[in-house]
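Please open the model in your viewer and keep the selection tool at hand. The tour below moves from the whole chain to a sheet and then to single residues.

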Amino acid sequence: MVSKANKEKSCLNCRTIYRGEKCTNCGETPSSDSFKGRVHIFNAEESEMADKMKLHNKGEFAIKSK
Ligand SMILES: [Zn+2]
């Protein structure tokens, strides 16, 4: 069983998917656990998806969060 603190959520600031208390990418705490879709960015500079989503870091991101 997964405890609530360990649940995956998406940062409302940068859309990074993370577990724990705050975003591992930007350090912000507002987050949503009802995000939709996810995308892995391995190379933000060469990824069309990253460009579209205006992502500049590698990592795992929610496509949509609310
Ligand atoms: Zn963030």
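Begin with the whole chain coloured by secondary structure: from the N terminus on, the elements run β-β-β-β-α-β, which amounts to one helix and five strands. Helices (H or I, at least four residues) and strands (E, at least two) are DSSP runs here, numbered from the N terminus. The model is a predicted one, in which local features need pLDDT of at least 70 and side-chain atom pairs count only at pLDDT 80 or more, while totals for chains, interfaces and linings use all residues. For every selection, residues are numbered from 1 along each chain as its sequence is written.

Staying with the full chain, show the C-alpha atoms alone; along the principal axes they fill a box of roughly 35 × 20 × 20 Å. The radius of gyration (taken over C-alpha atoms) is to be set against a globule rule of 2.2 Å times the number of residues to the power 0.38. For 66 residues a compact globule would have a value near 11 Å, and the 12 Å of the protein agrees with that.

Next, select strands S1, S2 and S3, which form an open sheet in the order S2-S1-S3 with antiparallel pairing; two strands pair if DSSP finds at least two bridges between them. Strand S2 (17-18) and strand S3 (31-32) are the edge strands, each pairing on one side only. Zoom in on strand S1 (residues 9-11), which pairs with S3 in the antiparallel sense over two bridges, and pick out Ser10, whose bridge partner in S3 is Ser32.

Now move to Val39, which lies in strand S4 (residues 36-41). A residue is called buried if 20 or more other C-beta atoms, placed from the backbone, lie within 10 Å of its own, exposed if 12 or fewer, and partly exposed in between. Val39 counts as partly exposed because it has 17 C-beta neighbours inside 10 Å. Leaving aside residues up to four places away in sequence, Val39 touches Met49, Phe61 and Ile63, where contact requires C-beta atoms, placed from the backbone, within 7 Å. A distance label from Val39 to Thr24, 15 residues apart along the chain, should give 16 Å between the C-alpha atoms.

Finally, select Glu46, found in the loop between S4 and helix H1 (48-52). Which class does Glu46 fall into, buried or exposed? With 9 C-beta neighbours inside 10 Å, Glu46 counts as exposed. The C-alpha atoms of Glu46 and Ser32, 14 residues apart along the chain, are separated by 28 Å.

How values were computed:
Contact = placed C-beta atoms within 7 Å.
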